[in-house]
Amino acid sequence: MDEEDQFRALFGLLERFESDVSGRSADSLNAEMEAKIRGLAAGTLDNNERDEVLQALSSNRAGLELLASCLRN
């Protein structure tokens, strides 16, 4: 599965489980995490950074919303 397919799969999961995700922590994003999320959406992160961001996104609604917005645009 290439990166584009991974992002599509992630985006599909976000849409299907939106209510589950919304019940999790809604922590605000610091500038570093926001930049990393934008990098994730752009496909510019290395594997370690990508794994770190995906782990952080599992409990951060604001981060998921930013990622979804970046992927839509």
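A salt bridge here is a side-chain nitrogen of Lys or Arg within 4 Å of a carboxyl oxygen of Asp or Glu. By that rule, this predicted model has four salt bridges. Keep that number in mind, and let's walk through the fold before coming back to the charged pairs.

Start with the overall layout. The protein chain has five helices and zero strands, so described under the helix and strand rules used here, and reading along the sequence you get the pattern α-α-α-α-α. Of its 73 residues, 27% count as buried. The chain exposes about 4800 Å², and carbon and sulfur atoms supply 46% of that area. As for how the chain comes back on itself, take the contacts with a separation of 6 or more: residues 24 or more positions apart account for 71% of them.

Now look inside. The largest nonpolar core has 11 residues in all: F7, M33, I37, L40, L45, V53, L57, L64, L66, L67 and C70. Helices α3, α4 and α5 (61–72) each supply at least two residues of this core. The largest share, four residues, comes from α5.

V53 is a handy place to stand if you want to see some of that core from within. Leaving aside its neighbours within four places in sequence, V53 is in contact with M33, K36, I37, L40 and L45. Four of those names may sound familiar, since M33, I37, L40 and L45 are core residues, as is V53 itself. K36 is the lysine we'll get to shortly.

First, though, the helix that carries V53. In α4 (residues 47–57), the buried residues are R50, V53 and L57. These three sit on the same side of α4, because they cover an arc of only 70° around the axis. The general rule behind this is easy to picture: an α-helix has 3.6 residues a turn, so residues three or four places apart point the same way. Turn to the face of α4 that points away from the buried side, and you find the exposed residues N48 and Q55. The N-terminal end of α4 is capped by D46, with a side-chain oxygen 3.1 Å from the backbone nitrogen of N48.

Back to K36, then. This lysine is found in helix α3 (residues 31–42). Is K36 buried or exposed? With a relative accessibility of 14%, K36 counts as buried, because the cut-off for buried is under 20%. Its contacts, leaving aside neighbours within four places in sequence, are L45, E52 and V53. There's also a longer reach in sequence to consider: K36 and G63 are 27 residues apart along the chain, yet 10.0 Å apart in space, C-alpha to C-alpha.

So what does the lysine's charge pair with? Side chains of opposite charge can pair when their charged atoms come close. One partner is E32, whose side chain meets that of K36 in a salt bridge at 3.4 Å, N to O. Both residues belong to helix α3, and because they are four residues apart, about one helical turn separates them. The two ends of this pair differ in their surroundings: E32 counts as exposed at 53% relative accessibility, whereas K36 is buried at 14%.

The other partner to look at is E52, which forms a salt bridge with K36, the closest N and O atoms being 2.9 Å apart. This pair links distant parts of the chain, with E52 in helix α4 and K36 in helix α3, 16 residues apart. E52 is partly exposed, with a relative accessible area of 40%. The side chains of K36 and E52 also register as a polar contact, at 2.9 Å.

One more pair sits in the last helix of our tour. R61 forms a salt bridge with E65, and their closest N and O atoms are 2.6 Å apart. Both lie in helix α5, four residues apart, about one turn of the helix. R61 is partly exposed, with a relative accessible area of 25%, and E65 is partly exposed as well, at 41%. As for the earlier pairs, salt bridges that share partners join E32, K36 and E52 into one network.

Key. Residues are numbered from 1 along each chain as its sequence is written. This is a predicted model: local features need pLDDT of at least 70, side-chain atom pairs count only at pLDDT 80 or more; totals for chains, interfaces and linings use all residues. Side-chain values use heavy atoms; hydrogens and water are left out. Buried means under 20% relative accessible area, exposed over 50%, partly exposed in between (1.4 Å probe, protein chains only). A polar contact is a pair of N or O atoms within 3.5 Å; within protein, one must be able to donate a hydrogen and the other to accept it, and residues adjacent in sequence count only if both atoms are side-chain atoms. Contact means heavy atoms within 4.5 Å. The arc is that of the directions from the helix axis to the C-beta atoms. Accessible areas come from the Shrake-Rupley method with a 1.4 Å probe; for residues, only the protein chains shown count as cover. A nonpolar core is a set of buried Ala, Val, Leu, Ile, Met, Phe, Trp, Tyr and Cys residues joined through side-chain atoms within 4.5 Å.
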